[in-house]
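Here is a short tour of how one chain packs together, from a pair of helices to a pair of domains. Please keep the viewer open while you read.

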Amino acid sequence: MASRCYFSVLLHAFVFATVATLGFSQLTPNYYDYSCPNALSTIKSVVEAEVQKENRIGASLLRLHFHDCFVNGCDGSILLDPSPTIDSEKNARPNIQSVRGFEVVDEIKQAVDQACGKSVVSCADILAIVARDSVVALGGPTWEVQLGRRDSTTASREAANANIPAPFFSLSELITNFKNHGLDEKDLVVLSGGHTIGYARCINFKAHIYNDSNIDPNFAQYLKYICPINGGDQNLAPLDSTAANFDVSYYSNLVNKNGLLHSDQELFNGDSTDSLVQQYSYDNQAFFQDFANSIIKMGNIQPLTGDQGEVRVNCRKVNY
Ligand code: HEM
């Protein structure tokens, strides 16, 4: 009897240790059901109102979740402002003068804390929820958001520089970067579909339109008006032909050599990812289903859980 009991304790310890090391199954969609039943509906209504005012904000908010998860896991680190102890990721190369939406995150945090009567929803979870609500508000798929992430007490500009992929990356560099984050080639193709919404600055596509040959000449010509060879670096162009709609145009544009970024067109340039791009270009259902699966996978990258980290009161600063 005693030995059976001992065995059972061992087995539980083993299962717990396995779950803890693999890092999944710790998040759950029901995490706030008791502590704040109105959390999700409160967040959704703010996102809907903000997207109604300016639809690009939906794109900017989706991007924040991506840039959060790719730097030491989805831990809200992207939201920390510079301070004597925080080397803010906002100042990293891919983010500076580029990521936006922080005021909307502040507004959401305030609204949700008020609805809960206390600060219980982490900033990292807010980013994951807001990514889903933004995609839905722009006509994309929905999914059940996994919750229970805690917020970091640190940030790293260096890690952001090293981990967020660059628009001049080749296909093999993109694949390696995603693999380093536990994501495969299919995740790369489907998550790049995030570029079905939003805008990029001239500085990020200038080399592609002036130097690359895998671009439709008429499309390149149109972009050269927006993005002159000298100057105009901050001018914006839509990432696909329907930047306010979450749809498959991103992929049909790639098939027609109308990719805005070099890294976008790399996904359809005579290599292993061509067939998936081709499929998504006409298969809305497959894209939506796969996007939902891959973004859940992305949201599971190295979360802080349990008593790790904290739930920040103000997403821009660590608690005292
Ligand atoms: C695959 C590698 C990726 C690269 C190289 C990349 C690069 C970029 C660049 C250069 C911009 C324009 C920034 C600017 O000009 O200021 C951008 C915008 C954007 N990215 Fe990505 N990205 C990638 C993957 C993703 C993923 C996985 C998502 C989300 C699932 C995403 C969502 C967005 C969105 C929504 C925008 C528009 C933001 C806005 O309008 O404010 N990107 N990306």
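In this predicted model, helices α2 and α4 cross in a right-handed sense. Their axes come within 9 Å, at an angle of roughly 145°. On the α2 side, the contact is built from Ala 39, Thr 42, Ile 43, Val 46 and Glu 50. Helix α4 answers with Val 104, Glu 107, Ile 108, Ala 111, Val 112, Ala 115 and Cys 116.

Ile 43 turns up again in the largest nonpolar core, which has 78 residues. Together with Ile 126, Leu 127, Val 130, Ala 131 and Val 277, Ile 43 touches the most other members. Helix α5 (residues 123-137) gives the largest share of this core, 10 residues. Where does the core lie with respect to the domains? Domain 1 (39-164) and domain 2 (171-297) both contribute residues, so the core lies between them.

Leu 127 also has partners further along the chain: beyond its neighbours within four places in sequence, it contacts Leu 64, His 65, Asp 68 and Gly 76.

Now for the domains themselves. Their centres, taken over C-alpha atoms, are 22 Å apart. The contact draws 17 residues from domain 1 and 14 residues from domain 2. On the domain 1 side, α3 (56-69) and α5 each supply at least two residues, and α3 brings the largest share, 7 residues.

The table sets out the residue classes of two contacts.

| Contact | Nonpolar | Polar | Charged |
|---|---|---|---|
| α2 with α4 | 9 residues | 1 residue | 2 residues |
| Side of domain 1 that touches domain 2 | 9 residues | 6 residues | 2 residues |

How values were computed:
Residues are numbered from 1 along each chain as its sequence is written. This is a predicted model: local features need pLDDT of at least 70, side-chain atom pairs count only at pLDDT 80 or more; totals for chains, interfaces and linings use all residues. Axes are lines fitted to C-alpha atoms, for helices over the stretch in contact, and angles run from 0 to 180 degrees between N-to-C directions. Helices (H or I, at least four residues) and strands (E, at least two) are DSSP runs, numbered from the N terminus. A crossing is left-handed if the near helix is turned anticlockwise from the far one by less than a right angle, and right-handed if clockwise. Two residues are in contact if their C-beta atoms, placed from the backbone, lie within 7 Å. Ala, Val, Leu, Ile, Met, Phe, Trp, Tyr, Cys and Pro count as nonpolar, Asp, Glu, Lys and Arg as charged, and the others, Gly among them, as polar. A nonpolar core is a set of buried Ala, Val, Leu, Ile, Met, Phe, Trp, Tyr and Cys residues joined through C-beta atoms within 7 Å. A residue is buried if 20 or more other C-beta atoms lie within 10 Å of its own, exposed if 12 or fewer, and partly exposed in between; C-beta atoms are placed from the backbone. Domain bounds come from an automatic or database domain assignment.
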